[in-house]
Structures are given as structure tokens and as C-alpha cells.
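Thank you all for coming; I would like to walk through one structure this morning, going slowly and giving each term its cut-off as it comes up. Please keep the model open in front of you while I talk.

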Amino acid sequence: MNPEQASAWQQAVLQELGVEVWVRRSAGGEAAPGAAAEPVARISADIESGDWSALNQKIQACTACELHQSCTQAVCGVGDEQADWLVIGEAPGADEDRQGEPFVGRAGQLLNEMLRAAGRPRELVYIANILKCRPPNNRDPKPGEVECCMPFLERQISLLQPKLILVVGRIAAQNLLQTDTPIGKMRGRVYSYGDSGIPVVVTYHPAYLLRSPGQKRKAWEDLQLAMNATGE
Ligand code: SF4
């Protein structure tokens, strides 16, 4: 069975099991509207080898989109670089921009509690964002900015090879899974990332849960789904 046949067979089995198979297009493909294709291709080529340290240096030196002009610093990611779980959020906010670390402040504390409840304390996971630089006034990321920055996240996933990706929040989920589906409809199923079929589970952003504490029960259901997806 050649790799293409194996992939098709695996996808058929996963779909039979209710796992939604999704394979992100490879980096360096057609650029999104507003994205500069040349920087995307250049970033992809520039980071295709090298370790975490080299990658973080490239992120911190990046000027590929306009966000580098308004942010305090690029926020690469934080945590165990051999973690089983990768948590992906949207972009740095004001606290993260100031401290250089994703998910700090009240939302970060709630995320920490959620992870601890799932048996994965913050120090045992890796946490990164779709965008490494803070959009002004916390506006939504533009498609071109996501397209420019995505090679960094793809390289982080490649280095980490996590057993599970937990995506928090609508913006992160829609951009990672390339869909307009509302987050409420994305929850409750396991997606599959890339050729290696990494399970992906979507849940609410802790900032939303702070505003809507009645939804915390659903977030707990999402975490249980994540634990089940990795056989825990
Ligand atoms: Fe580079 Fe990403 Fe920052 Fe844009 S947001 S400057 S692509 S690191």
C-alpha cells in the first residue's frame, strides 16, 4: 500500500469512527488574500530545519507582517518542548505582549485550572498562539497576518509532535481548521491534524468562560473528550 493509499484508508477508518479528518494545506502554498506570498515562502524555507532555540530567534526577529511594528515583543510560546499536549490560542493580549508569555492574567489562570483538572498542569504542556505578535487593541487577526505567521506554528507542531492539540477559542479554531463554523458547532468532535493525524479538540477561550461561567461545564466536557482522544 503506497502512502497515498494508506492515508486514504486511515482517513476512511477515522471517519467511520466519527473522527473528522482535516489536513491543513502545506506551508508555502497559495497565499491568503492580503498575504504576501514571498514572506510566507521565505519564512517556511528559513525555519524548516533547526531547533526550538533557532525557531524562537526567528520568531523574535520576524518583520513579515505589520504587527511587529505595534507590539512590544513577539510571544513565541511557553512550556515543555517535549509535551504531549499543545494548547493553541489566538494571539497575545496586552498582558501577554508585556510579559512575553501566552495566556497570563485572569484568562491564563483559568486556563491553568482547566489544564490541572485535565491532569496536564501548565508546565507539562506547550502553549502557543496562531499569531505571535499582538494585534492593536486586540482586534481579530487579518487573514494575511495569519497566513504570514502560520509557518511558525506549523514548525512548532513539527518539533513538538504532540499527541493532542487543544484549540481554545473561536478565532484559533477557525484559523487552524480553516472554517467559518461557529465554535459551538465545532465542539464535541475530534479533528485530525496533518499527515500524522494528531487529534484536535476545540473548546471555549477562558476569557469567554470568565464572561460566561455557565459554559464551564461544556469546557469540562471538551477536556474529557481531549483526555479520551489520547486514551487517558
Ligand atoms: Fe512575524 Fe507573526 Fe509577528 Fe507577523 S505576527 S511579524 S508574521 S511573528
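Let me start with Arg 98, which counts as exposed at 56% relative accessibility, where exposed means over 50% relative accessible area, buried means under 20%, and partly exposed is in between, with a 1.4 Å probe and protein chains only. Before going further, I should say that this is a predicted model, in which local features need pLDDT of at least 70 and side-chain atom pairs count only at pLDDT 80 or more, while totals for chains, interfaces and linings use all residues. Residues are numbered from 1 along each chain as its sequence is written, and side-chain values use heavy atoms, with hydrogens and water left out.

The side chain of Arg 98 meets that of Asp 95 in a salt bridge, at 2.5 Å from N to O; by salt bridge I mean a side-chain nitrogen of Lys or Arg within 4 Å of a carboxyl oxygen of Asp or Glu. Asp 95 is partly exposed, with a relative accessible area of 29%. The two residues are three apart in helix H5, residues 94-99, and are therefore separated by about one helical turn; helices here are DSSP runs of H or I with at least four residues, strands are runs of E with at least two, and both are numbered from the N terminus.

How many salt bridges does a search of the whole structure find? The search finds 12, and I will pick out some that are not in H5.

Arg 120 and Asp 84 meet through their side chains at 3.6 Å, N to O. Arg 120 lies in the loop between helix H6 (105-117) and strand E4, and Asp 84 in the loop between strand E2 (78-79) and strand E3 (85-89), so this pair ties together parts that are 36 residues apart in sequence. Arg 120 is buried, with a relative accessible area of 15%, whereas Asp 84, at 28%, counts as partly exposed.

Glu 145 and Arg 139 also form a salt bridge, at 2.7 Å from N to O, and they belong to a network of salt bridges that links Glu 66, Arg 139, Lys 142 and Glu 145. Glu 145 counts as buried at 4% relative accessibility, while Arg 139 is partly exposed at 23%.

Let me turn to helix H3, residues 52-61, in which Trp 52, Leu 55, Asn 56 and Ile 59 are buried. Seen down the axis of H3, these buried residues fall within an arc of 95 degrees, so they line one face of the helix; the arc is that of the directions from the helix axis to the C-beta atoms. On the other side of H3, Gln 57 and Ala 61 are exposed. What do the buried residues of H3 pack against? They pack against strand E4 (126-129) and helix H7 (143-160), with contact taken as heavy atoms within 4.5 Å. The N-terminal end of H3 is capped by Asp 51, which has a side-chain oxygen 3.2 Å from the backbone nitrogen of Ser 53.

The structure also holds two aromatic pairs, meaning rings of Phe, Tyr or Trp (its six-membered ring) with centres within 6.5 Å, where planes under 30 degrees apart count as stacked, over 60 as edge-to-face and the rest as tilted. The rings of Trp 52 and Tyr 126 have centres 4.8 Å apart and planes at 40 degrees, so this pair is tilted. Since Trp 52 lies in H3 and Tyr 126 in E4, the pair ties together parts that are 74 residues apart in sequence. Both rings belong to buried residues, with Trp 52 at 9% relative accessible area and Tyr 126 at 2%. Tyr 204 and Tyr 208 form a tilted pair too, with 5.0 Å centre to centre and 40 degrees between the planes.

My last stop is strand E6, residues 190-193, where Val 190 and Ser 192 point one way, Tyr 191 and Tyr 193 point the other way, and all are buried. E6 pairs with strand E7, residues 198-203, in the antiparallel sense over three bridges, and pairing requires that DSSP find at least two bridges between the strands. Tyr 191 has Val 200 as its bridge partner in E7. The two strands form a hairpin with four residues between them, and Gly 194 in the turn has a positive phi of about 70 degrees.

Methods. A polar contact is a pair of N or O atoms within 3.5 Å; within protein, one must be able to donate a hydrogen and the other to accept it, and residues adjacent in sequence count only if both atoms are side-chain atoms.
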